[in-house]
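User: I'm new to this one and would like to learn how to read it. Could you walk me through it, feature by feature?

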Amino acid sequence: MTRTPDTLALHLETRLKMRHYVLLVALDRHRSVTRVAAQMALSQPTVTRALADMEDIFMTPLFVRSRRGLEPTMAGEVVLARARLAVADNQALQEELRAVSGAGLQGRLRIGLIPYTSAQTLDALWKHLFDQRPRMALLAHEDTTQNLVQALRDRTLDCAICRFSHDSTDDDLVQELLYRQEACVVVAQASAARLTAQTALDLSQLSEMDWIFPPADTPIRQRIDAAFAAAGRTVPLPALEAYAVRTVASAMRQLPRGITVLPHDVAHAVAATGAAEVMPRPLPWSLPPVGLAWLRDSPKAAVIQALRAALGPKAGR
């Protein structure tokens with residue numbers, strides 16, 4: 001069949017169904033007609049015919065067979081990218097309709113959060129959302145900035161409170177500043193008196209301590225690594241990589257020479273547990289700013305913008 005824009009458009013408008021996208025995503029995940037047939041309770045010939053039908057709709061091969069199983073063609077990769085978004089949007093729509101029609105809510109909002117989100121921002125977030133009438137069904141997911149931004153692009157989250165990332169200015173994302181944070185050194189109680197007595201606290205001179213680092217793909221970890229690199233020092237091997245406040249506090253109680261870098265308010269939350277102390281002088285560099293991010297074409301844009309207004313500008317601590 002000769003492929004023309006009009007013919008392709010006609011196929012997409014009249015023949016393409018959600019079930020085609022669901023099947024394509026399953027084929028990409030399993031890379032096997034046999035496994036997809038078993039998972040979807042279909043016969044193998046049915047799946048084979050469905051794939052042929054989809055390739056006829058798109059007027060091009062979507063997969064080729066190899067020794068490793070089915071492999072997407074270049075056209076298949078293009079279609080799969082759209083299929084994943086369509087399937088994610090369809091799932092989100094189902095969940096939102098259940099919230100509206102089944103529970104009498106006004107909709108559903110899926111929010112991503114970095115674990116180091118300030119308590120002030122969290123309080124404002126929940127106050128605004130829980131004051132809504134009717135309320136919304138809410139989902140909160142904590143993760144690193146990198147994973148939260150990817151989840152926005154995968155349409156499995158609607159918005160995220162995260163740090164400005166290197167790609168946060170891409171055209172598909174909106175990210176508005178919420179607040180900036182100071183970076184503070186936090187040390188275990190047993191080491192606090194010795195370090196507090198130092199006139200200047202130089203991270204590069206503390207490589208022999210038991211370091212607790214956030215994960216490698218976080219902006220705060222990258223800033224710590226840069227501080228050691230700038231001093232010509234090797235970044236120490238951490239005793240622990242952790243990104244949860246309770247985990248850091250618990251580890252500090254077991255590490256007499258424990259040390260980490262945390263945002264100002266999070267540092268004081270760890271210190272309040274009695275596990276550690278915050279060094280009196282903040283570090284001479286700030287952490288990447290924290291903002292509210294969402295997709296520019298998000299169907300929740302109006303809800304998210306109202307949330308942004310409720311959060312307001314925050315202090316720089």
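**Helices and sheets, step by step**

Analyst: Let's start with a contact between two helices: Met 18, Tyr 21, Val 22, Leu 24, Val 25 and Asp 28 of α2 meet Val 79, Leu 80, Arg 82, Ala 83, Arg 84, Ala 86, Val 87 and Asn 90 of α5. Contact means heavy atoms within 4.5 Å, and helices (H or I, at least four residues) and strands (E, at least two) are DSSP runs numbered from the N terminus. By class, these contact residues divide into 10 nonpolar, 1 polar and 3 charged. Here Ala, Val, Leu, Ile, Met, Phe, Trp, Tyr, Cys and Pro count as nonpolar, Asp, Glu, Lys and Arg as charged, and the others, Gly among them, as polar.

User: What should I know about the model itself?

Analyst: This is a predicted model, where local features need pLDDT of at least 70 and side-chain atom pairs count only at pLDDT 80 or more, while totals for chains, interfaces and linings use all residues. Residues are numbered from 1 along each chain as its sequence is written, and side-chain values use heavy atoms, with hydrogens and water left out.

User: How do I describe the packing, and at what angle do α2 and α5 pack?

Analyst: In general, two packed helices are described by the angle between their axes and the distance between the axes. In this case, α2 (residues 18-30) and α5 (residues 74-103) pack at about 115°, with axes 9 Å apart. Axes are lines fitted to C-alpha atoms, for helices over the stretch in contact, and angles run from 0 to 180 degrees between N-to-C directions. The α2 and α5 crossing is left-handed; that word applies if the near helix is turned anticlockwise from the far one by less than a right angle, and right-handed if clockwise.

User: Let's try another pair. Is the crossing of α6 and α12 left-handed or right-handed?

Analyst: α6 passes α12 in a right-handed crossing. The axes of α6 (residues 119-130) and α12 (residues 301-311) come within 9 Å and cross at roughly 130°. That makes α6 oblique to α12: angles under 35 degrees count as roughly parallel, over 145 as roughly antiparallel, 65 to 115 as roughly perpendicular and the rest as oblique. Thr 121, Ala 124, Leu 125, His 128 and Leu 129 of α6 make the contact with Ala 306, Leu 307, Ala 310 and Leu 311 of α12. Sorted by class, that gives 7 nonpolar, 2 polar and no charged residues.

User: Can we zoom in on one of those? Is His 128 buried or exposed?

Analyst: His 128, found in α6, counts as buried because its relative accessibility is 18%. Buried means under 20% relative accessible area, exposed over 50%, partly exposed in between (1.4 Å probe, protein chains only). Leaving aside neighbours within four places in sequence, His 128 is in contact with Ala 306, Leu 307 and Ala 310. Arg 153, in α7, also counts as buried, at 19%.

User: Now the sheets. How do I read a strand order?

Analyst: As a general idea, strands of a sheet pair through backbone hydrogen bonds, either parallel or antiparallel. Two strands pair if DSSP finds at least two bridges between them. One open sheet here has 5 strands in the order β4-β3-β5-β12-β6, with mixed pairing. β4 (137-142) and β6 (173-179) are its edge strands, each pairing on one side only. β3 (residues 108-113) runs parallel to β4, joined by 6 bridges, and Ile 111 stands opposite Ala 140 in β4. α6 turns up again, packing on this sheet and touching β3, β4, β5 (159-163) and β6, at about 175° to β3.

User: Which strands stand at the edges of the sheet with β8 and β10 in it?

Analyst: That open sheet runs β9-β8-β10-β7-β11, again with mixed pairing. β9 (240-241) and β11 (276-278) stand at the edges with a single partner strand each, so one side of each has no neighbour in the sheet. β8 (residues 210-213) and β10 (residues 258-263) run parallel over 2 bridges, and Asp 210 has Gly 258 as its bridge partner.

User: And what does a hairpin look like?

Analyst: β1 and β2 form one, with 2 residues between them. β1 (residues 63-66) and β2 (residues 69-72) are antiparallel, over 4 bridges. Phe 63 partners Pro 72, and Val 64 partners Glu 71.
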